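Hi everyone, thanks for coming. I'll take you on a quick walk through a structure that's new to most of you, so have a look at it first.

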Amino acid sequence: MSSDDERDEKELSLTSPEVVTKYKGAAEIVNKALQVVLAECKPKAKIVDICEKGDAFIKEQTASMYKNAKKKIERGVAFPTCISVNNTVGHFSPLASDETVLEDGDMVKIDMGCHIDGFIALVGHTHVLQDGPVSGRKADVITAANTAAEVALRLVRPGKKNTDVTEAIQKVAAAYDCKIVEGVLSHQMKQHVIDGNKVVLSVASPEATVEEVEFEENEVYAIDIVASTGDGKPKLIDEKQTTIYKKDETVNYQLKMKASRFIISEIKQNFPHMPFTARSLEEKRARLGLVECVNHGHLQPYPVLYEKSGDFVAQIKFTVLLMPNGSDRITSHTLQELQPTKTIEDPEIKGWLALGIKKKKAKKAGEKGEASTEAEPMDATSNAQE
């Protein structure tokens, strides 16, 4: 790597205060957007209307930022707002014509993202549409996802490996008699890259393997925990429900259909790096053109998968910056009151939850002792998110 490349790399990493500011600015907007969406989640509300409000809020908030910058700064939605209910695993962001509404008692998963200059903040949250505390299996699965997220926050740290996290989150889910859902990945993120090469598998299996890697200082991760009261092996029911795609910049196949070429040029112009929803495209042409684009690898689809009817699926997703002074979780939302049927008794899980997140400052010259980790334990019996 040349010295210019090294300097560029450094300027685009967390060693640059400007980069940290952009990540935190995106996080502040997406955290507020989540509150806006949550307030709209009521019985009989149309899901597509809520998704559109979430995306519109992010666009509106980011539009006023860096308006006077010398170079044009891309900003806006990094992942379209999704509202996935009950046994739906995720990525449900329907087209304008969809009439699906929320019902009382639904377990609602909200998943969304914002970016400023390609620096991405993602968040995922689960909420049950009811008054008063949530109990029974619904409470178990949300607590399982949240506790697994808290453990992941403490294990995604320099010196630890991705495999440590995969094993730990499964152990947490099992303590609540739940399963971590297969096929969900947590990714390192970089500028304009929502799915970097360093990956944390939710569930390792002979079919699903990734390279073992170590976390390093100044990296950014989106940690995505999805837990289920079912078997954790979701299925695709209807391909037509897929509406979220991402352009694969490495594919150059020459498309045959005029509609496909029109759509791909629109995507290159408006969504060169980030996932987008088909709602953002001219709908009639999109329907014709998307199929060929997907078949030839131009677009990577985010399918809508389902656990069995009657199962409940919960998601907690957060963005964490691995700063020199410890981990900085920049996206989250407080959970409603939960009354799970189980509590954590396992000493290993309790040990993980007792790990600190921030480092204490090193003692001054002449004082004994070295820099230590400040304890920010999560009480294993508590269900509130920090």
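Let's start with a word we'll need: a cavity here is a set of grid points where a 1.4 Å probe fits but cannot get out, and its volume is the space filled by probe spheres set on those points. Keep in mind that what you're looking at is a predicted model.

So, how many cavities of 30 Å³ or more does the structure hold? Just one. The largest cavity comes out at about 30 Å³ in volume.

Who lines it? Going round the wall, you meet V165, I169, S186, V200, L201, S202, I223, D224 and I225. If you sort that lining by class, you get six nonpolar residues, two polar and one charged. Helix α5 (162-175) and the strands β7 (199-201) and β8 (220-228) each put in at least two residues. The biggest contributor is β8, with three.

Okay, next stop: H187. You'll find H187 in strand β6, which covers residues 185-189. Is H187 buried or exposed? Its relative accessible area is 17%, and the cut-off for buried is under 20%, so H187 counts as buried. The H187 side chain reaches the backbone oxygen of G196, at 3.3 Å. Skipping neighbours within four places in sequence, H187 is also in contact with a bunch of other residues, among them I194, K198, V220 and Y221.

Now over to strand β10, residues 244-247. Which way do its residues point? I244 and K246 go one way, Y245 and K247 go the other, and all of them are buried. On the pairing side, β10 runs antiparallel to β11 (residues 276-277), with two bridges joining them, and I244 sits opposite T277 there. β10 is also antiparallel to β12 (residues 299-302), this time through four bridges, and in that pair K247 faces L299.

Last one: E74. Where is E74? Look in the loop between α3 (47-63) and β1 (75-85). With a relative accessible area of 33%, E74 falls between the 20% and 50% cut-offs, so we call it partly exposed. E74 and H115 are 41 residues apart in sequence, yet their C-alphas are 8.1 Å apart in space. And E74 does touch H115, along with I116, D117, G118, H192, P272 and H273, leaving out residues up to four places away in sequence.

That's my tour. Happy to take questions.

Definitions and conventions. Residues are numbered from 1 along each chain as its sequence is written. This is a predicted model: local features need pLDDT of at least 70, side-chain atom pairs count only at pLDDT 80 or more; totals for chains, interfaces and linings use all residues. Side-chain values use heavy atoms; hydrogens and water are left out. Buried means under 20% relative accessible area, exposed over 50%, partly exposed in between (1.4 Å probe, protein chains only). A polar contact is a pair of N or O atoms within 3.5 Å; within protein, one must be able to donate a hydrogen and the other to accept it, and residues adjacent in sequence count only if both atoms are side-chain atoms. Contact means heavy atoms within 4.5 Å. Two strands pair if DSSP finds at least two bridges between them. On a 1 Å grid over the protein atoms alone, a cavity is a set of points where a 1.4 Å probe fits but cannot get out, and a pocket is an open set with protein on both sides within 12 Å along at least five of seven lines; lining residues have an atom within 4 Å of a point. Ala, Val, Leu, Ile, Met, Phe, Trp, Tyr, Cys and Pro count as nonpolar, Asp, Glu, Lys and Arg as charged, and the others, Gly among them, as polar.
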